[in-house]
Each structure stands twice: as C-alpha cells, then as structure tokens.
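Here are some notes for a colleague who is coming to this structure without any earlier acquaintance with it. They are best read with the model open alongside.

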Amino acid sequence: MAIHEKSLIRPENISSHEKKIVDGIDVSGDWSTFIHTRVVTDYNENLEEEIAALPGGEYIHRCWQCGSCTNSCTVNAENPDFNPRYWIYLIRVGMEEELLRDKDIIWQCVSCNKCTSACPRDVFPEGVMKATAHWMELKGHTPPSHSTIFDDVFTEQVIKHGKIEDGEVLKDFLLKTKQPLMQDWIVQMVKQMIKGFPVMSLMKMGWATIFHPKTKNWARASDAIKEHIAEEHAAQRKALGLDSAE
Amino acid sequence: MTILIDKEVRKAKYKKVAYYPGCALEGSAQSYDKSTRAVSKALGLELVEIKDWNCCGAMEVKNVDPEIQTYLSARVLSEAQHKSKQDVVMAPCNGCYHNLKKAEYDLENKDKSRAVTEKISKKAGHETYKAGDVETIHALDWIKFGYGEEELKAKIKGGLKGLKIANYYGCMYTRPRHIFPEKDQGRDSESTSKPHYMDDLLAIAGAENVEFPLKTACCGGAHTLSDSDMSTKLVLNILQAAEAAGAEVIATECPTCHSGLEMHQIRALKRLSKKTNVKVIYFTQLLGMAMGLSPRKVGLNFNISDSMKFVKEKGIA
C-alpha cells in the first residue's frame with residue numbers, strides 16, 4: 001500500500017476535536033487526531049516515463065526509497081522541504097499534484113553530488129533533480145529559474161566562442177534576470193580585487209571583455225553542437241507530448 | 001585499470017604533462033594559474049599547455065545537454081593526445097578535472113556518449129577521443145607523485161611556520177565516486193570521504209593542518225549567482241567551521257570554491273553582518289611561498305581575500 005506520508009499529516013488533512021467520544025470512550029485532546037479517509041484518483045501514470053525521458057532522469061526506476069539522498073543532501077540541511085527521496089517517490093507513483101507543491105524549490109539542487117555518491121542503487125539523484133526541474137519548465141508549471149537562465153547564458157558563450165569570459169557571463173546573467181550590476185557586495189568585491197592588481201593585468205582583463213577569449217578552429221564544432229542540441233530538445237518535447245516549437 | 005601504479009612509474013610519467021588551465025584560470029583565477037606555473041618552474045616539472053583548448057562545460061552545459069558536456073571534454077583530451085602529443089593531462093581546476101574524469105567514465109560506459117562524441121568530432125574535423133587513451137590528473141596528484149613527497153621536503157625554504165590551515169577540497173574533486181575509480185583504493189590512494197593529498201603536501205611545507213569536518217562540503221558554487229542567498233549560507237558554514245577549528249587560512253584547490261569563498265565572505269558581511277577573518281589562499285600559492293617564492297610571484301596580490309599583510313606578519317614571506 002502506498003504511503004503518501006506528507007499529504008496525510010498536513011494540518012489541513014488532519015481532523016482533531018476538542019471533545020470527542022467514540023463508542024462511549026473519551027478520546028478528547030491528542031487522541032482525537034484523525035486522518036481523513038480519501039480516494040486519490042488524479043495519478044499521472046506517465047510521470048515516471050516523462051522524467052526518465054529527460055537527461056539525468058534515466059535511472060529513476062532503480063530507486064528503492066532508502067532515503068540516503070535526502071539524508072546526505074546539502075540543500076535539505078538548509079531547507080527540510082527540499083526532499084529528493086520524496087519527490088522520486090511521488091514521480092514513481094505519479095502524484096503530480098503533490099509534486100507541484102514544491103515546484104518553486106526543486107531547481108535549487110546545487111549539484112554537489114552527495115546523493116549520487118551515497119545512493120546504493122545508482123539512481124543518480126542529482127540528474128533526477130535536474131530532469132524534474134526541466135520538466136517543470138517544459139510543462140509550463142514554472143518560468144525558467146535563475147539557474148536555467150545562468151546555464152543558458154553560459155552555454156551560449158561556450159557554443160559561440162569555445163570559451164567563456166567570467167565578467168561577461170556575470171553581466172549577461174544580471175541583465176537577463178533584471179538585477180542591478182552595482183550591488184553592494186559586487187562593488188566591494190571589485191574594489192578589493194583591483195586594489196592589489198597590477199595595471200597590466202587590469203588592462204588584460206579589460207581587453208578580454210572586449211575581445212572575448214576564443215578557441216581557434218571552433219566554427220565547425222559550434223555548428224555540430226547547435227545541431228545536436230536542437231535535435232535533442234525536439235525529441236524531449238515530443239516525449240512530453242508538447243509541440244515541437246520551443 | 002591502473003590503480004596502484006608504481007610510484008616510480010608515475011614519477012616518470014608526470015614529469016612532463018599536458019596543462020589544461022581552463023577558463024577560470026585565464027580569468028578570475030589568474031592567481032591559481034600564476035602559482036601553478038611558478039611551482040612547476042621551481043620544481044622543474046614541465047607543462048605543455050594544450051593548444052586550442054576549449055571550455056569543459058563547467059557545471060552549466062550539462063544542464064542544457066549532458067552529451068555536449070562529454071563532447072567538450074573529449075575534444076580537450078583529443079587535442080592533448082593528437083596535437084600536444086601527451087598522454088597525461090593535468091587540470092588544477094576541479095571543474096575541468098571533474099568533467100574530464102566524467103567524460104572518461106561516460107565514454108567507457110555509455111553507448112550514447114560514444115556515439116555523440118564520434119558524430120560531433122567527425123563534423124568538427126578532429127580525431128575522436130577514445131576512453132583510456134589519456135590519463136587525467138589533478139594538480140595535487142601531479143606534485144605529490146610527479147615530484148615526490150620526499151623530494152619536496154628538500155625544496156622547502158622557510159616553510160609555512162606552523163600556519164594553521166583548514167584544507168578545503170569541495171565537491172568536484174571526490175564526487176560522484178563513480179568517476180574516480182582510482183580513489184578509495186587504500187594506502188597511497190586518495191579518499192573520497194576524507195581526502196588528504198593537500199593536507200599531505202602542506203604538512204611537508206610546514207603547515208599545521210587543523211581537524212576540519214567540512215573538507216568536502218559544498219560551497220554552492222553551481223548557484224553562486226543564481227541562488228546567492230543559499231551560497232552565502234553554505235559558504236558561511238565553511239568559513240565559520242574553519243575558524244571554529246582554529247584555522248587562520250583555508251587552503252583551496254578549486255577556482256570555483258576559491259572565488260565562492262571570497263565572494264560570499266564579503267556578501268555574508270554585507271547582507272548578514274557576519275564577519276569572518278579566515279584567509280582564503282590556493283594551495284599552490286602556499287606551497288610556492290614555502291619554497292621561498294615571493295607573494296607576488298605566486299599571485300597573492302590577485303586574490304580578493306587580502307592576505308599580503310598577513311603572510312608578512314606570519315613571517316612566511
């Protein structure tokens with residue numbers, strides 16, 4: 001029998017009574033805490049297959065719910081709602097609505113790979129987290145997260161030039177996410193950075209921002225990468241039953 | 001798989017290696033590049049920079065397409081093998097090191113990775129890299145085995161004078177375990193749960209390594225900008241744990257960790273009013289100074305975490 005633990009014990013799903021007599025026995029107070037009888041009908045039977053069709057989600061079927069992932073998780077230690085084991089469980093039984101409750105935090109996986117190292121079943125939970133975050137965005141449940149925007153800005157530069165220039169990535173990311181460039185801590189950081197910098201290095205860094213570092217003979221690789229990504233993304237949308245247009 | 005190769009064999013093999021600095025060491029981590037080259041020169045280990053290297057994809061490209069990330073690393077390995085004619089690649093950056101190792105694992109174990117890498121390599125017009133042709137090592141392996149610990153002892157001039165150091169390795173040097181088959185093999189091999197290669201080298205250089213429980217904790221580097229509040233919290237944990245352990249310096253061996261610690265040390269002060277004084281210095285910088293190289297020679301002035309005055313007070317420089 002499936003145990004939908006979290007949903008069962010949420011305050012709104014628990015009934016308790018100040019005064020309760022059952023079969024002539026006084027069960028007032030904590031004894032009167034009951035779980036409502038319920039019928040779950042809104043399963044998405046394709047959910048596991050959809051996640052498995054996205055990169056990183058391939059091995060979700062191996063999970064036996066030991067909880068090593070959540071137990072070792074960096075983000076879980078900061079936010080107990082971040083629970084990879086639970087999400088893998090929900091995906092495997094198809095409880096989409098319950099999964100969607102956490103749609104705004106799943107992207108926060110920091111890819112530290114503690115879960116992947118701890119997992120005794122080689123589920124590669126880090127990949128499952130990425131696949132699930134992408135699924136949320138592809139299905140339109142969430143807008144692209146800051147993490148996705150950063151990945152895109154970064155990857156765009158790699159495809160274009162073969163290399164990245166960190167100042168440019170920072171600038172593009174802040175512009176795309178509508179954040180000010182002059183944040184107090186960034187200003188302080190730059191101040192401390194240039195204090196010890198020799199003039200020549202500053203000029204070199206300025207030069208790098210204008211004349212982006214590039215890999216020689218990159219054009220053909222760049223085209224082949226673009227072509228491959230377009231094919232893959234089209235196949236992923238198809239697997240999720242979405243239109244081919246992004 | 002060559003797991004416990006003879007020390008003498010490794011020493012001969014690592015004497016001259018292909019050098020893959022990567023984007024960070026060309027940009028925000030110039031001091032790591034500078035100090036790696038300075039140490040290489042001082043120890044007489046030869047570095048052949050890979051011609052026309054490209055980005056390994058860092059922690060971002062895999063989220064757009066993991067097979068492209070594998071291809072990017074495979075191209076670097078192919079350049080090292082066919083253009084630079086080397087069979088060992090040394091990457092000081094944990095991101096680069098991790099991705100080359102990951103590509104090696106994927107190309108060994110996954111049909112799709114092999115197919116995609118072959119397809120794109122052909123279209124791009126270069127040799128396809130095959131798993132097992134090149135050995136990827138970290139700067140730590142390179143110094144520990146390429147130069148040798150006994151030999152290093154003789155090279156220390158002045159040393160680190162009992163400087164209290166917390167050795168911080170981060171995530172990508174040890175996780176996931178699958179991509180590091182040579183680790184956790186007992187004596188002389190690196191441990192994925194309690195790494196010690198940096199501790200070993202800095203102890204030889206005269207440091208007093210503190211018992212540091214967060215050696216392989218995560219700094220939130222992948223989301224350093226996209227989820228800054230989380231990164232600041234994670235970094236603050238590391239800085240405070242290091243100080244609680246009695247450390248004056250956190251030694252780093254990864255540019256993402258290093259800049260993350262420096263950036264969020266400032267951000268923690270600005271946003272959370274949490275001040276920490278522990279210095280953040282690359283292990284190559286510490287090693288270089290222990291061998292008598294000047295702070296400028298190892299690029300200490302390039303660090304955001306200002307430790308020029310500190311090393312003078314400690315009598316290290």
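**Notes on the sheet, the core and the contacts**

1. A convenient place to begin is a single pair of residues in chain B, where Lys16(B) has Glu46(B), a residue of β2(B), as its bridge partner. The model in which this pairing is seen is a predicted one. The pair belongs to a longer match, since β1(B), residues 16-19, and β2(B) run parallel and are joined over four bridges.

2. On β1(B) there is also a pairing with β3(B), again parallel, and here two bridges join the strands. Within this pairing, Ala18(B) has Val89(B) of β3(B) as its bridge partner.

3. Taken as a whole, the sheet in chain B is open and has four strands, in the order β2-β1-β3-β4, with parallel pairing. The edge positions belong to β2 (46-49) and β4 (135-138) of chain B, and because each of them has a single partner strand, one side of each is left without a neighbour in the sheet. From one strand to the next, the twist averages 40°. Helix α8 of chain B, residues 139-147, packs on this sheet and touches β1, β3 (88-91) and β4 of chain B, while its direction makes about 90° with that of β4(B).

4. Which residues touch the most other members of the largest nonpolar core? They are Val89(B) and Met90(B), in a core that counts 144 residues. The element that gives the most to this core is helix α5 of chain B (residues 66-83), which supplies seven residues. If neighbours within four places in sequence are left aside, the contacts of Met90(B) are Val17(B), Ala18(B), Tyr19(B), Tyr20(B), Ile137(B), Ala139(B) and Trp142(B).

5. The domain assignment of chain B gives domain 1, covering 10-138, and domain 2, covering 148-313. The C-alpha centres of these two domains of chain B lie 23 Å apart, and the contact between them involves 24 residues of domain 1 and 28 residues of domain 2. On the domain 1 side of this contact, the elements that give two or more residues are α2 (22-26), α3 (30-43) and α6 (94-109) of chain B. The largest share of that side, 10 residues, comes from α3(B). Sorted by class, the domain 1 side has 11 nonpolar, nine polar and four charged residues.

6. Chain A is likewise divided, with domain 1 at 47-141 and domain 2 at 146-236. Taken over C-alpha atoms, the centres of these two domains of chain A are separated by 29 Å.

7. How many residues does each chain bring to the contact between chain A and chain B? The contact takes 50 residues from chain A and 50 residues from chain B. On the side of chain A that touches chain B, two or more residues come from each of α4 (74-78), α7 (114-118), α9 (146-161), α10 (166-176), α11 (184-195), α12 (199-210) and α13 (219-239) of chain A. The largest share of that side, eight residues, is given by α9(A). By class, the chain A side of this contact has 20 nonpolar, 18 polar and 12 charged residues.

Notes: Residues numbered from 1 in each chain as written. Chains lettered and ligands numbered in written order. Predicted model: local features only at pLDDT ≥ 70, side-chain atom pairs only at ≥ 80, totals over all residues. Contact = placed C-beta atoms within 7 Å. Nonpolar A, V, L, I, M, F, W, Y, C, P; charged D, E, K, R; others polar. Domains from an automatic or database assignment. Core = buried A, V, L, I, M, F, W, Y, C linked by C-beta atoms within 7 Å. Buried ≥ 20, exposed ≤ 12 C-beta atoms within 10 Å, placed from the backbone. Pairing = 2+ DSSP bridges. Axes fitted to C-alpha atoms, helices over the stretch in contact; angles between N-to-C directions.
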